[in-house]
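Visitor: Could you walk me through this structure, one question at a time?

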Amino acid sequence: KTEHLTIEKPDVQDSGIQRAAAILRDGGLVAIPTETVYGLAADALNPQAVGRIFEAKGRPSDNPLIVHIAHLEHITNVARTVPESADKLAKAFWPGPLTMVLPKASGIPDKTSGGLDTVGIRLPSHPVARAVIEAAGVPLAAPSANLSGSPSPTTASHVLADMEGRIEAVLDGGPCGVGVESTVLSLAGKRPLLLRPGGVTPEQIESVIGPIDIHPAVYHALEQGQKAESPGMKYKHYAPHTKVMVVKGDGQSFARYVNSQIGKVGALCFDEDLPHLHVPAVSYGHMGQPDTQAQGLFDALRRLDGLDADVVYARYPDVDGMGLAVYNRLMRAAAFEVIEL
Ligand code: TXA
Ligand code: MG
């Protein structure tokens, strides 16, 4: 049975947070809210506890976990070396939705880093996440708290839908603000490399450290033989059970296309499209507002399976700024299948 913990106040003294911290110190698993998505946390320094994360999620053991800290100074407990670029980015974007991949410190178990010599590190801005890390007194390894392959959870009820009975507790902090996972940037190679777009945009990063490379898997399906710099790139992601296809075109042509399909079809669209569609539809945000699209996407992907459709046509997102993160998640949910109108 999974405990449903609530919070009175987001500080270390809160009884829900104290309870979560006690479970974590004992080697248990607690799903916690962050500003991006809910994370499935365990003591990052305890290989047995970390092993249970992989079991609960059904996650391949070579897919490394992000280590979460509550104070900038603790970065040196997790990373072996901290390049100047990491220091600048931490000062600019932490606490917040940026994960930096750095050479791993010897205290970080191989289980946590998926056997790699590097480790992803993040200092979240969500006050509840920070209070839990602080109360636990250890860095927390936390992937998104969904079953491997499913859309990431942005509410406690999404977490329970996947994890009920598989983890000790979920700490309910309400819906997540950003809605998509953190930006993952590797600073462990010769040039900074964006591995996953997220809440901090490439433009924002470049304004602090200059030009960065963007891994091709951000835009396209990983091709045979191409190197998955981030193991997560290899695996199927964010997929509802229903088949999703992305449709590129303006609102009018989208509605015309979707309405003319025969069979059991559905739509994943913007709020502004809803009145024009004659098929079951869910919205993932407002047209032209990538922030709202990021907030709504994972919940909308989960609701698609309730539409009783054989195929769902999805409106192409705005690709600038935060839109790149939305585009990347939606394309992966659709296995990169796009129809151009
Ligand atoms: O917003 C987030 O980042 C959330 C919250 C809970 O913090 N966490 C999250 O973790 O999304 P996860 O495990 O679902 O995604 C982490 C991604 C994976 O694709 C993984 O392969 C990649 O980051 N990653 C982690 N450590 C890495 C490393 N050392 N080198 C390359 N990629 C790494
Ligand atoms: Mg994930």
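Here is a run of questions and answers on the chain, its sheet, its annotated sites and its ligand.

Visitor: Before we start, what kind of model is this?
Guide: Residues are numbered from 1 along each chain as its sequence is written, while chains are lettered from A and ligands numbered from 1 in the order in which they are written. Local features need pLDDT of at least 70, side-chain atom pairs count only at pLDDT 80 or more, and totals for chains, interfaces and linings use all residues, since the model is a predicted one.

Visitor: How many helices and strands does the chain have?
Guide: Helices (H or I, at least four residues) and strands (E, at least two) are DSSP runs, numbered from the N terminus. Going by that, the chain has 10 helices and 16 strands.

Visitor: What radius of gyration does the chain have, against the globule rule?
Guide: The radius is taken over C-alpha atoms, and the rule is 2.2 Å times the number of residues to the power 0.38. For 341 residues the rule gives 20 Å, and the chain comes close to that, so it is as compact as a globular protein of that length. The C-alpha trace spans about 60 × 45 × 35 Å along its principal axes. The radius of gyration itself is 20 Å.

Visitor: What percentage of the residues count as buried?
Guide: Buried takes 20 or more other C-beta atoms within 10 Å of a residue's own, exposed takes 12 or fewer, and partly exposed is in between, with C-beta atoms placed from the backbone. Out of the 341 residues of the chain, the buried share is 51%.

Visitor: What is the strand order in the open sheet of 11 strands?
Guide: Two strands pair if DSSP finds at least two bridges between them. The pairing in this sheet is mixed. β1 and β11 stand at the edges with a single partner strand each, so one side of each has no neighbour in the sheet. Reading across, the order is β1-β8-β2-β3-β7-β4-β6-β5-β9-β10-β11.

Visitor: Are the faces of β8 covered or open?
Guide: Take the strand (residues 169-172) one side at a time: Ala169 and Leu171 are buried on one, Val170 and Asp172 on the other. So both faces of β8 are covered.

Visitor: And which residue of β8 is the bridge partner of Thr6?
Guide: β1 (residues 3-6) runs parallel to β8, joined by 4 bridges, and Glu3 stands opposite Ala169. β2 (residues 30-32) is also parallel to β8, with 2 bridges, and there Val30 stands opposite Ala169. As for Thr6, its partner in β8 is Asp172.

Visitor: Over to β12: which residue of β16 does Lys248 stand opposite?
Guide: β12 runs parallel to β15 (residues 311-315) through 5 bridges, where Val247 is partnered by Arg315. It also runs parallel to β16 (residues 338-340), this time through 3 bridges. Opposite Lys248 in β16 stands Glu340.

Visitor: How far apart are the farthest two C-alpha atoms of the annotated binding site residues?
Guide: An unreviewed UniProt entry places "binding site" at Arg59, Asn63, Thr118, Ala142, Ser144, Ser152, Arg196 and Tyr238. Positions are given in the numbering used here, feature names are shortened, and annotations may be inferred rather than shown by experiment. These residues span 180 residues in sequence and do not all gather at one spot, because the farthest two C-alpha atoms are apart by 24.8 Å.

Visitor: Is Ala142 buried or exposed?
Guide: Ala142 sits in the loop between β7 (140-141) and α6 (156-163). Its contacts (C-beta atoms, placed from the backbone, within 7 Å) include Gly39, Leu40 and His68, leaving out residues up to four places away in sequence. It has 28 C-beta neighbours inside 10 Å, so Ala142 counts as buried.

Visitor: Which residues does Tyr238 contact beyond four places in sequence?
Guide: Tyr238 is in the loop between β11 (213-214) and β12 (243-248). With 23 other C-beta atoms within 10 Å, Tyr238 is buried. Its contacts are Pro151, Leu301, Arg329, Arg332 and Ala333.

Visitor: Which element gives the largest share of the shell around ligand 1?
Guide: The shell has 28 residues, with Thr36, Gly39, Gly120, Pro143 and Gly232 the closest; a residue is near if its C-beta atom, placed from the backbone, lies within 6 Å. β5 (98-103), β6 (118-122) and β10 (193-196) are the elements that give two or more residues. The largest share, 4 residues, comes from β6.

Definitions and conventions
Two residues are in contact if their C-beta atoms, placed from the backbone, lie within 7 Å.
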